[in-house]
Structure formats: C-alpha cells, structure tokens
Amino acid sequence: QSSACSSIEQRSFLKDAVILLASVRTDLMHPCFVWLLSCAAAHAIAVRPRDVKIRGIDAPVRIYEAESQDAALDAAIETDSDPFGACCWPSAVVAARTLAACDGVAGLKVLELGAGTGLASATAARLGAAVVATDVSDISLELLRRAAEEAAAFDVQRLDFTDADAVAALGDFDIIVAADTLYEEAIARATARVVRASRGACIVVDPGRPDGRRAFLDELGGVGRFEPVAVSAEELSAFPLGTGLKIASLGVFER
C-alpha cells in the first residue's frame, strides 16, 4: 500500500478533491500557435497547446490536443486510431485535481491507463512523480510525447491494458490512474483487473456511464463505489463533448 499517499484512502478527501469544476479555468495561452501532428498514415492534423489550471498547482499544466474533433475523426479514419483521446475531457481534469490534492506524490511511481492528452500524467509529473503515460492510439501517443517534451517530463509507452501480461511487464506502481476508460464493458472490466492486481492506490474517474460502472464494480466483486460530482452545462462548456453528448455526473472510485 502507498503510505505516502494516505490521503487517497480517506473518502472525505475525495469529496473535497472533486468539488464542482467551476474553479477549473482552461486558457489557451498561445491561441494562434498551431502545429501539425503527423500520424502513422502521414495524415497531419492541426493541434493546439492547452494550458489547464489545476487547483493546488501554481502554474497551468500544458497539454496538446486536436484543434477540432472533426480533425481528430478524419485522422482516426485514415490511421485506424481512436480519436477520442485527442481532446481533453472533464474526467481528466478531475483526475488531475485529485492527484494535486494528494500529499506526498513526489517520488511515487504513477501509471496512467488510456492517458489521451495526458493531463493527469503531466500533473503527476509536475508534482514530482515518476510517471508512465500509456495509450494504444497513435494520435494520443503523439500528443503525449509532445506534452512530455515540456518541463514536466514523463515516460510514454504504448499499452493495451486489456493484456494483463503487458501491464504486469511494466512493474509495480504506487498509484494507478484511469480517466474515462469505462466506455465499453470489456475496457471497463480490464480497468478493474488492473486495479485489482495493483498493490497501490487507484484513482478511476468516470463521467457517468452506468453500464461501464456496473461492469467495473462487478469485476471487482462489488467492492467500492463511485462518489458523484454534479457539473453544470456552463462548467462543461470549455470541453469538446460532441453533438448531443451530455454528462450527468462525474464520479470517482478510490482505493
């Protein structure tokens, strides 16, 4: 168990850590700066830097994301890659804030599953952790490498975490982080298996997918629950959620 991160083990801490996202301010510090991300099939998409203010960290945390979801979808079609990790989602902000509210992250080993743009990974690295950010998407892996080039460097590795042997080969970690990985039953159960196998603390954030949560908790034998956090439409307006997508409640599972 991770004694250095004992605050994660207290449910009251989590309730404080995931207060409404109203105080989360995301700013494009360089709105005119766009670079081209070259994907596996030589398809280039416009990418922008995004600086996200995380409570508990003085300076904004920089990540990179697709300039638009349409661009990410086009690239995904040509590269057979998952496009959804190319944009920052609310779950990642909650995961990053939860890490920032944890005492003693410096020096710990942190593994993020399905890291996407890597906000949680970049936050953990800023806090002094040794971080391995993983994803299976070519688009996300390039975004993660770009973010890792910033001051808070972290390791980037390709990982299909449904492969238990591949996860085990990475070694032991003090904290496992997964933000919005419960979108399919198989992926939700794979997330649970990583959590179950880990001897450290775990932070799993879900935007309100009941089927995914049920599968995740069922795989864990019904132990634990998600603490809900309601968010308003105004709070979600800073994030590219896609046409018709509504998130009723963010929730955090902790162990």
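What is the volume of the second largest pocket? In this predicted model, the second largest pocket has a volume of about 370 Å³, and the points below begin with its lining before turning to the helices and to single residues.

1. The lining of the second largest pocket is made up of 21 residues, and those that lie nearest its centre are Val167, Gly171, Val194, Ala197 and Ser198. Two elements, α6 (164-169) and α7 (185-197), give two or more residues to this lining, and of the elements it is α7 that gives the most, with five residues.

2. As to the chemical character of that lining, the residues of the second largest pocket divide into 10 nonpolar, six polar and five charged, a breakdown that may be of use to anyone setting up calculations on the site.

3. Helix α7 also holds valine 195, which is buried, with a relative accessible area of 1%. The C-alpha atom of valine 195 is separated by 7.1 Å from that of isoleucine 176, although the two residues are 19 residues apart along the chain.

4. Between β8 (175-179) and α7 runs a loop in which aspartate 180 has its place. Aspartate 180 is not a glycine, and yet its phi is positive, at about 60°. Is this residue buried or exposed? With a relative accessible area of 13%, aspartate 180 falls under the 20% cut-off and therefore counts as buried.

5. Helix α3 (residues 90-100) packs with helix α4 (residues 119-126) at an angle of about 15°, and the axes of the two helices are 8 Å apart. Because angles under 35 degrees count as roughly parallel, α3 and α4 are described as roughly parallel to each other. The crossing in which α3 passes α4 is right-handed.

6. Helix α4 is mostly covered, since seven of its eight residues are buried; these are Leu119, Ala120, Ser121, Ala122, Thr123, Ala124 and Ala125. After α4 comes glycine 128, whose phi is positive, near 100°.

7. Strand β6 (residues 130-135) contains valine 131, and this valine, at 5% relative accessibility, counts as buried. Valine 131 and leucine 108 are 23 residues apart along the chain, while their C-alpha atoms are separated by 8.3 Å.

8. In the loop between β9 (201-206) and α8 one finds arginine 209. How exposed is arginine 209, and on what value does that rest, or, put plainly, what is its relative accessibility? The value is 29%, and arginine 209 therefore counts as partly exposed, given that this class lies between the limits of 20% and 50%. Its C-alpha atom and that of leucine 182, a residue 27 residues apart from arginine 209 along the chain, are separated by 7.0 Å.

9. Helix α8 (residues 210-219) has as its buried residues Gly212, Arg213, Ala215, Phe216, Leu217 and Glu219, a list that includes the charged residues Arg213 and Glu219. An α-helix has 3.6 residues a turn, so residues three or four places apart point the same way. Just after α8, glycine 221 takes a positive phi of about 80°.

How values were computed: Residues numbered from 1 in each chain as written. Predicted model: local features only at pLDDT ≥ 70, side-chain atom pairs only at ≥ 80, totals over all residues. Heavy atoms only, no water. Buried < 20%, exposed > 50% of the residue type's maximum accessible area, 1.4 Å probe, protein only. Helix = DSSP H or I, 4+ residues; strand = E, 2+ residues; numbered from the N terminus. 1 Å grid on protein atoms, 1.4 Å probe; cavity = no way out; pocket = protein on both sides within 12 Å on 5 of 7 lines; lining within 4 Å. Points joined across faces, edges and corners; volume = space filled by probe spheres on them. Axes fitted to C-alpha atoms, helices over the stretch in contact; angles between N-to-C directions. Parallel < 35°, antiparallel > 145°, perpendicular 65-115°, else oblique. Left-handed = near helix turned anticlockwise from the far one by under 90°.
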